[in-house]
Amino acid sequence: MILGGMLNAAGNVVNEVTGKNKSKKTIRGSVVLVKKNVLDFTSVYGTAADSVYEFLGQGVTLQLVSAENADHANGNGGKLGKLEGLENWNLTFTPPLAGGDTLYMVSFEWDVELGTPGAIIIRNNHAAEFYLKTITLEQVPGEGRIHFLCNSWVYPDKQYKKPRVFFSNKTYLPHETPAPLRKYREEELKTLRGNGTGELKQWDRVYDYALYNDLGDPDKGSKYARPVIGGSAELPYPRRERTGRPPSKSDPNTESRNFLPASFTNVYVPRDEQFGHLKKSDFIAFNLKSLVNSVIPFFKAFVNLTPNEYDSFKEVDDLYFNGIPIPTDALNQLASNIPIEMMKEFFRTDGQQLLKFPAPQVVEDRNVPTAWRREEEFAREMLAGLHPLLICLLKEFPPASKLDPEIYGDQSSCITKEDIEYNLDGLSVEEALSCNRLFILDHHDTLIPYLRRINEDTSTKIYSSRTLLFLRGDDTLKPVAIELSLPHPVGDKFGVVSKVYTPAEHGVEGSIWQLAKAFVAVSDSGYHQLISHWLNTHAVLEPFVIATNRQLSVVHPIYKLLHPHFRDTMTINGLAREMLVNADGVIESTFYPRQYSMEMSSAVYKSWNFLDQALPNDLKKRGIAIDDVNSPHGLQLLIKDYPYAVDGLKIWFAIEKWVRDYCSFYYKTDEMVQQDHELQAWWKELREVGHGDLKHEPWWPKMQNCEELIESCTIIIWMASALHAAVNFGQYAYGGYFPNRPTLSRRFMPEKGTPEYAELEKNPDKVFFRTMSTQLQSLIVTAVEQTLSSHASDEVYLGQRTPNWSTDAIPLAALEAFNKRLAEIEGEILNMNMDKKLKNRVGPVNVPYTLLYPTSQVGLSGKGIPNSISI
């Protein structure tokens, strides 16, 4: 051995002299990852096996892949470097980094034949997965530093058919991909598509489609059976992520609700969609799950000790300002089952055992404790509240219906000129129409097809509604009539029975008017939650998440553009199907459509139009905006003080410019869009599979030019960020105080000559609470909306990106300009909210409109636009 060592040394000296070693070099790399047990998971197995692999230097191995030189023996893939192991995996002390991150080092042997590395193959020979964040190579000849953004769970290598591959942060259109990397690009997409069969496991990385056949649980009984949503003309719907679970025993068309063990969502979601949060409590959905599993059963037990009814508004106010006493034993038992952060949100434990919620913004100002009941506020919230998306210009009087008269008979409104003309500031109805000053909140056509079944088959007693509003000279709205309708008792083809209510302040007429507004709020709450929130953001976006991962490589520019806007969406959607929109879930238990909730959502999806999701198109379709070359961005608002529209247009056009600048860098011509086979496959699959029930609609962009690409990507980002923020993060501010936005009603309007009417004359508050949600239902909604309205400490807001996400200077500069514009918009919003002339910005309740203010602090803030639908 001594002689051999001497000969090797001599040989090295000769090589140095002759220059043979100058083509070789050692490249140092740093790897940042998080071990499984750091992220609130249990990982106590595999230690002995891990130690053996580490002793051999093979615990976690990495292998460079050349982007320059192919190897025929490797199927013309990039030349491979030597297998190298991470150093010191089992070292007791590792350099401390934020959030449980651990830094490891690795050394690679490099030579000129390898050239520039474009990818890295990584194998995990341990028994447990880890979350790989980044790999950074230093002093690569000809390149310097190379970054690999991974952000992926790496399971033990035995779970994969092919080892994991990660690409550098360079961006390539398909035809620009270096030839040695094309094999890996194509193989990775094939892996992500899967083979469409079998039950998917936690370590599978498959993105695939399925119908909504997982909402019911017929094995529990017929009460829990639900129809399949999607895949038919009768019940169309976007697709969801496939899990591959077997069918239920009772119904072969319904997927069983067998839940995955030790899985956060209990159903399959690709693990990388379950983002590596610093800790579970930073994932708001974790609190939501704890809420449904532990807090709601506690509420049920608690109200069983009470009449389950409120008798006065003071009792409701006590929930927020004084607290309601609860038994100590029950509170202690609950505390052992939910996170301490949640205990602090819902309960006071400083010596007084009280159930107490934070005051919702709509009643937070105690100088105006009942301002939420005023006419101005009722109307203002249609422009600047939780659901400012439905108000439309009234174009004909009386309002008409689009329902088929052959099926539903005459559905025309019975509101007359005499009902409203006295309240139009001296104008006639014709004059008010001609000068665009009559508006409508219309919940008639959506509800009528389901109204009879809801009222007969459930405990709900609900009306369809039409609300007419008049635009005053100061740009505020006032309600002038509410029409409540029921199906004709003889049958649907006989039309409806309707009654019109007009504003009144005092006596029993004033109480009737307050109830009429509450019935409108009920119908609006259900539409908001099931359509504007769930369907139009969560559900319609999931196919985009699936298709993007199946058809666009991680190095594709459109993947990089869109991917931050998909964070956590599949996880929260899976959780929603598990406990929110499922049979007898939170939504069915607390919102008026009850077991018909998802069917009603499906009926509205029939008329969904991708292009209408663009804010300018939406405003024009509703008659709120008109084209005007002399107005900013060519749009004039008919209600100038419309906070959602004003702020939304600022955000929309900021997103559109960012997308335009980004896409224009990669796509110089329309032909480049047409010839991008990944892009074309992506769009084809979105139309024909992800939204396959609407694939024949003529409005789909053909994806044949740059403008269609820019518009489509802008819409996707808008839906995932600002649109969702507008309808989600104000839920507690306005709905947390349930009298302002009740979610169901249990009795019809009291009629003269009935005991209920006599009771209304004596005790209107008691009648209000006996008519609207029960105490339990309101507690559940309040708690759920508090959780849904909160921001996590690791929230990622619009415009924020992981460092080193791109190497291209122009897109990086465009992102910087986008963020600068967002910061300017924040200042503009603050200035408008202080402008006393803009009365809709704050309103009688003194709540500034900030739902489209781009950034936020942690928790309940009533502002902030996350990049994605993360809750």
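Here are some numbered notes on this predicted model, written for reading beside the structure.

1. **The chain as a whole.** The protein chain has 28 helices and 23 strands. Of its 871 residues, 59% are buried. Sequence-distant contacts also feature: among contacts between residues at least 6 apart in sequence, 74% join residues at least 24 apart.

2. **Aromatic pairs.** Searching the whole structure turns up 37 aromatic pairs. One of them is Phe544 with Phe610, a stacked pair with 5.7 Å from centre to centre and 25° between the planes. Where do the two partners sit? Phe544 belongs to helix α14 (residues 507-551), whereas Phe610 is in the loop between α18 (597-605) and α19 (615-621). The pair links distant parts of the chain, with 66 residues from one partner to the other. Phe544 has a relative accessible area of 0%, so this residue is buried. Phe610 also comes out as buried, at 0%.

3. **A pair within one helix.** Tyr662 and Tyr666 make a tilted aromatic pair, with centres 5.1 Å apart and planes at 55°. Both residues lie in helix α20 (residues 643-666), and their spacing of four residues is about one turn of the helix. Are these tyrosines buried or exposed? Tyr662 counts as buried because its relative accessibility is 0%. Tyr666 counts as buried too, at 7%; the cut-off to keep in mind is under 20%.

4. **A cluster of rings, and charges over rings.** The stacked partners Phe544 and Phe610 belong to one aromatic cluster, together with Tyr212, Tyr237, Tyr605, Trp608, Trp682, Trp683, Trp699 and Trp700. One cluster member, Tyr212, has Arg577 lying over its face, 5.9 Å from the ring centre. Elsewhere, Lys863 lies over the face of Tyr853, at 5.0 Å from the ring centre.

5. **Pro543, next to Phe544 in the numbering.** Pro543 is a residue of helix α14. With a relative accessibility of 0%, Pro543 counts as buried. Which residues does Pro543 touch, leaving aside those up to four places away in sequence? The contacts are Tyr209, Pro238, Arg239, Leu686, Gly690 and His691. Another way to see this part of the fold is to look at Glu685, 142 residues from Pro543 along the chain: the C-alpha atoms of the two are separated by 9.0 Å.

6. **Helix α18.** How much of α18 is covered? Eight of its nine residues are buried, so "mostly covered" is a fair description. The buried ones are Ser597, Met598, Glu599, Met600, Ser601, Ser602, Val604 and Tyr605. Tyr605 is worth clicking on, as this residue is also part of the aromatic cluster. The cover over the buried residues of α18 includes α13 (448-457), α14 and α17 (586-590).

7. **A four-stranded open sheet.** The strands of this sheet run in the order β5-β1-β7-β8, and the pairing is antiparallel. Why do β5 (102-111) and β8 (144-154) count as edges? Each has a single partner strand, so one side of each is left without a neighbour in the sheet. On average, neighbouring strands are turned by 20° against each other, direction ignored. For β5, the pairing with β1 (residues 24-35) is antiparallel and extends over ten bridges. To find the register on screen, start from Val32, whose bridge partner in β5 is Leu103.

8. **A hairpin.** Strands β2 (residues 60-71) and β3 (residues 77-80) pair in the antiparallel sense over three bridges. Asp71 stands opposite Gly77 in β3. Five residues lie between the two strands of this hairpin, and Gly75 in the turn has a positive phi of about 65°.

9. **Cysteines.** How many disulfides does the model contain? The count comes to zero. A disulfide is a covalent bond between the sulfur atoms of two cysteines. As for accessibility, Cys392 counts as partly exposed, at 25%. Cys414 is partly exposed as well, with a relative accessible area of 35%.

How values were computed
Residues are numbered from 1 along each chain as its sequence is written. This is a predicted model: local features need pLDDT of at least 70, side-chain atom pairs count only at pLDDT 80 or more; totals for chains, interfaces and linings use all residues. Side-chain values use heavy atoms; hydrogens and water are left out. Rings of Phe, Tyr and Trp (its six-membered ring) pair if their centres lie within 6.5 Å; planes under 30 degrees apart count as stacked, over 60 as edge-to-face and the rest as tilted. Buried means under 20% relative accessible area, exposed over 50%, partly exposed in between (1.4 Å probe, protein chains only). A charge sits over a ring if NZ of Lys or CZ of Arg is within 6 Å of the ring centre and within 35 degrees of the ring normal. Two strands pair if DSSP finds at least two bridges between them. Axes are lines fitted to C-alpha atoms, for helices over the stretch in contact, and angles run from 0 to 180 degrees between N-to-C directions. Contact means heavy atoms within 4.5 Å. A disulfide is a pair of cysteine sulfur atoms within 2.5 Å.
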